[in-house]
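Student: I would like to go through the terms used for this model and see what each one rests on. Please set every value against its definition.

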Amino acid sequence: MNEQFQIISDGSCDLPPELTAEKQIRVIPFYVSFDGTNYRKELEEIGIREFYQEMVNRKGVYPRSSLPSVQDYMDAFLPYAKAGIPMLVVYFHQTERFHAVGALCQRADSGRLSGRENPRD
């Protein structure tokens, strides 16, 4: 029995880059925007430290976030699905806020939509 599996999370985990590299965790980044400029949060266009430094540097400007797209999920899931590697997908959210629950549902919908095609075909 093959015991290999891939851990995948979205950017809500805020995992340190050293940990994701060491444990080979695939992170699907959230999008964030400061003053209308879009960034990919997790390590692709802006690092975690840089993101928080922007919050300090831009007093009174609050970042807006957007969920990963269906295509982002497809790009993350398909290589493992095609290789027959099981995936453990982890999401974190705050339940005390209504919009966070909605965000979780949207992430789940994006994840489900990305899995509708059979990657082995």
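Student: How many Å² does the chain expose, and what share do carbon and sulfur atoms supply?

Tutor: The chain exposes about 8,200 Å², and carbon and sulfur atoms supply 52% of that. Accessible areas come from the Shrake-Rupley method with a 1.4 Å probe; for residues, only the protein chains shown count as cover. The model is predicted: local features need pLDDT of at least 70, side-chain atom pairs count only at pLDDT 80 or more, and totals for chains, interfaces and linings use all residues. Residues are numbered from 1 along each chain as its sequence is written, and side-chain values use heavy atoms, with hydrogens and water left out.

Student: Why is Glu-22 called exposed?

Tutor: Exposed means over 50% relative accessible area, buried under 20%, and partly exposed in between (1.4 Å probe, protein chains only). Glu-22 has 60% relative accessibility, so Glu-22 counts as exposed. Of the 121 residues of the chain, 32% count as buried.

Student: What makes the contact of Glu-22 with Lys-23 a salt bridge?

Tutor: A salt bridge needs a side-chain nitrogen of Lys or Arg within 4 Å of a carboxyl oxygen of Asp or Glu. In the pair Lys-23 and Glu-22 the closest N and O atoms are 3.6 Å apart, so the pair qualifies. The whole structure has three salt bridges.

Student: Which residues form one network through salt bridges that share partners?

Tutor: Arg-58 pairs with Glu-54 at 2.5 Å between the closest N and O atoms. The network formed through shared partners consists of Asp-35, Glu-54 and Arg-58. Between Asp-35 and Arg-58 the N to O distance is 2.8 Å. That pair links distant parts of the chain, 23 residues apart: Asp-35 lies in the loop between β3 (31–34) and β4 (37–40), Arg-58 in the loop between α2 (48–57) and β5 (64–66). Helices (H or I, at least four residues) and strands (E, at least two) are DSSP runs, numbered from the N terminus.

Student: Are Asp-35 and Arg-58 buried, partly exposed or exposed?

Tutor: Asp-35 has a relative accessible area of 57%, so Asp-35 is exposed. Arg-58, at 25%, is partly exposed.

Student: What makes up the largest nonpolar core?

Tutor: A nonpolar core is a set of buried Ala, Val, Leu, Ile, Met, Phe, Trp, Tyr and Cys residues joined through side-chain atoms within 4.5 Å. Here the largest such core has seven residues: Ile-8, Ile-28, Tyr-73, Ala-76, Phe-77, Tyr-80 and Ile-85. Helix α3 (residues 70–82) gives the largest share, four residues.
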